[in-house]
Amino acid sequence: MKILGIETSCDETAMSVIEVSGKDKIKVLSNVVSSQVKLHAKYGGVVPSLAAREHVKNISHVFKLALNPVRSREGSQHASASNGIKETMKNIDLISVTRGPGLGPALLIGLTFAKTISWLHKKSLIGVSHLEGHIYSNWLSEKNMKDIFPALNLIVSGGHTELVLMKDHGRFKIIGETMDDAVGEAFDKVARLLGLGYPGGPAVSKIAKKRNPDKYPLPRPMINSKNYDFSYSGLKTAVLYLIRDLNLKKIDEQTKADIASSFQRSAVDVLVQKTMRAAKEFEVKSVLLSGGVSANKMLRSELQKNTTEAGIEYFQPPMKYTTDNAVMIAIAGYFNHKQKTELSSVVMDANLSL
Ligand code: KG4
Ligand code: ZN
């Protein structure tokens with residue numbers, strides 16, 4: 001079956017068509033992502049009203065681009081544009097759209113668009129969780145996903161830091177989450193303190209490479225707490241005080257890189273230690289990493305190493321599917337559709353929980 005995925009929960013207008021055949025074999029036919037990063041960079045973070053305005057501007061074009069490869073495959077490329085879309089939409093079996101969590105005004109654009117084309121082309125529509133989408137980005141790794149349950153998900157993004165037990169498709173239990181800032185948010189804020197721009201994660205991890213992570217010992221908040229919750233706001237404040245106490249007129253590049261490296265070490269240590277403790281306590285068969293921060297190379301290699309040592313299967317999404325995209329939303333739609341006889345709600349919920 002062919003599924004059209006639609007994602008507009010934050011600052012990416014994304015659409016994708018996937019084809020699922022046989023035993024859940026996923027083929028990505030298109031993956032279009034229109035990023036608004038440059039627009040929001042000057043504000044140091046995403047501005048919801050601007051994000052919504054950009055989604056409105058871009059969504060039709062992204063839709064056409066996402067359908068194009070499907071259209072050529074179906075041999076209707078010579079049809080007029082509107083006929084082409086009509087013909088191509090005939091080959092789509094399901095539309096899957098992010099209904100939350102995320103920025104309300106941004107989510108509404110994707111949902112309204114999805115509802116309109118679902119009505120116009122008489123296609124089934126399903127609303128899915130953005131976080132479930134991130135989890136399903138793991139199904140794009142080349143590894144065999146059979147026999148992975150119970151699984152433990154570590155979801156790390158700009159808005160979320162969650163440990164989620166997954167007993168089966170659609171069966172989730174949150175066992176830990178952040179009490180304040182998400183880990184991606186902490187990366188973004190530390191980047192701003194170091195004058196590295198937005199988004200901060202890639203910039204911090206780039207300069208942290210090969211620098212000394214032990215130069216400035218930073219706290220590892222809640223690393224020994226009995227629960228599986230996280231807290232990243234204190235770590236960010238510790239970086240702020242460190243910079244203040246260094247009392248330098250201008251932070252040189254080496255010092256910046258050492259601070260970035262020490263921060264990354266602390267942030268990753270907490271994530272890995274808590275994930276491994278939960279994986280052992282709940283006796284999971286596998287650990288799945290996802291969300292924008294899953295692009296972090298240190299986090300990827302540390303989890304790989306620790307799970308291998310513990311004899312637990314480890315999955316991570318391919319790099320290009322770590323940040324927001326609509327392929328993951330299409331896959332989440334597929335598994336939701338397969339599990340449920342009744343299609344789930346397509347009502348927007350900016351605080352939707354798993
Ligand atoms: O999942 P995502 O694309 O959007 C949300 O759903 O929030 O995640 C974006 C977050 C940002 O905070 C960004 O700084 C972070 O992921 N990020 C990284 C890296 N690449 C992106 N954080 C650490 N290291 C990276 N390499
Ligand atoms: Zn995301």
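**Figure 1. Salt bridges of the predicted model.** The structure holds 15 salt bridges, a salt bridge being a side-chain nitrogen of Lys or Arg within 4 Å of a carboxyl oxygen of Asp or Glu. This is a predicted model in which local features need pLDDT of at least 70 and side-chain atom pairs count only at pLDDT 80 or more, while totals for chains, interfaces and linings use all residues; side-chain values use heavy atoms, with hydrogens and water left out. Residues are numbered from 1 along each chain as its sequence is written, and chains are lettered from A and ligands numbered from 1 in the order in which they are written.

**Figure 2. The salt bridge between Lys285 and Asp147**. The N to O distance of this pair is 3.0 Å. Because Lys285 sits in the loop between α9 (253–281) and β9 (286–290) and Asp147 in the loop between α5 and β6, the contact ties together parts that are 138 residues apart in sequence. Helices (H or I, at least four residues) and strands (E, at least two) are DSSP runs, numbered from the N terminus. Lys285 is partly exposed, with a relative accessible area of 39%, and Asp147 is exposed at 62%. Buried means under 20% relative accessible area, exposed over 50%, and partly exposed in between (1.4 Å probe, protein chains only).

**Figure 3. Salt bridges that involve helix α9**. Asp258 pairs with Lys215, their closest N and O atoms being 3.6 Å apart. Asp258 belongs to helix α9 and Lys215 to the loop between α7 and α8, so this pair ties together parts that are 43 residues apart in sequence. Asp258 is buried at 3% relative accessibility, whereas Lys215 is partly exposed at 43%. Asp269 forms a salt bridge with Arg265, with 3.0 Å between the closest N and O atoms. These two residues, Asp269 and Arg265, are 4 residues apart in helix α9, a separation of about one helical turn. Arg265 is buried, at 17% relative accessible area. In addition, Asp181, Glu185, Lys189 and Lys236 are joined into one network by salt bridges that share partners.

**Figure 4. Coordination of the zinc ion (ligand 2)**. The ion is coordinated at 2.1 Å by His130 (NE2), His134 (NE2) and Asp324 (OD). Donors are N, O and S atoms within 2.8 Å of the metal (3.2 Å for Na, K and Ca); water is not among the atoms, so sites may look incomplete. Along the chain, the donors of the zinc ion (ligand 2) follow the spacing H-x3-H-x189-D. His130 in helix α5 (residues 130–136) and Asp324 in the loop between β10 (313–315) and α11 (327–339) are 194 residues apart, and this pair links distant parts of the chain. Both His130 and Asp324 are buried.

**Figure 5. Backbone features in loops.** The peptide bond from Gly100 to Pro101 is cis, with omega near -10 degrees; Pro101 is placed in the loop between β4 (94–100) and α4 (104–120). A cis peptide bond also leads from Phe149 to Pro150, with omega near 0 degrees, and Pro150 is found in the loop between α5 and β6 (151–156). Asp24, although not a glycine, has a positive phi of about 55 degrees. Asp24 occupies the loop between β2 (12–21) and β3 (25–35) and is partly exposed at 24% relative accessibility. Met222, likewise not a glycine, has a positive phi of about 60 degrees. Met222 lies in the loop between α7 and α8 and is partly exposed, at 26%.
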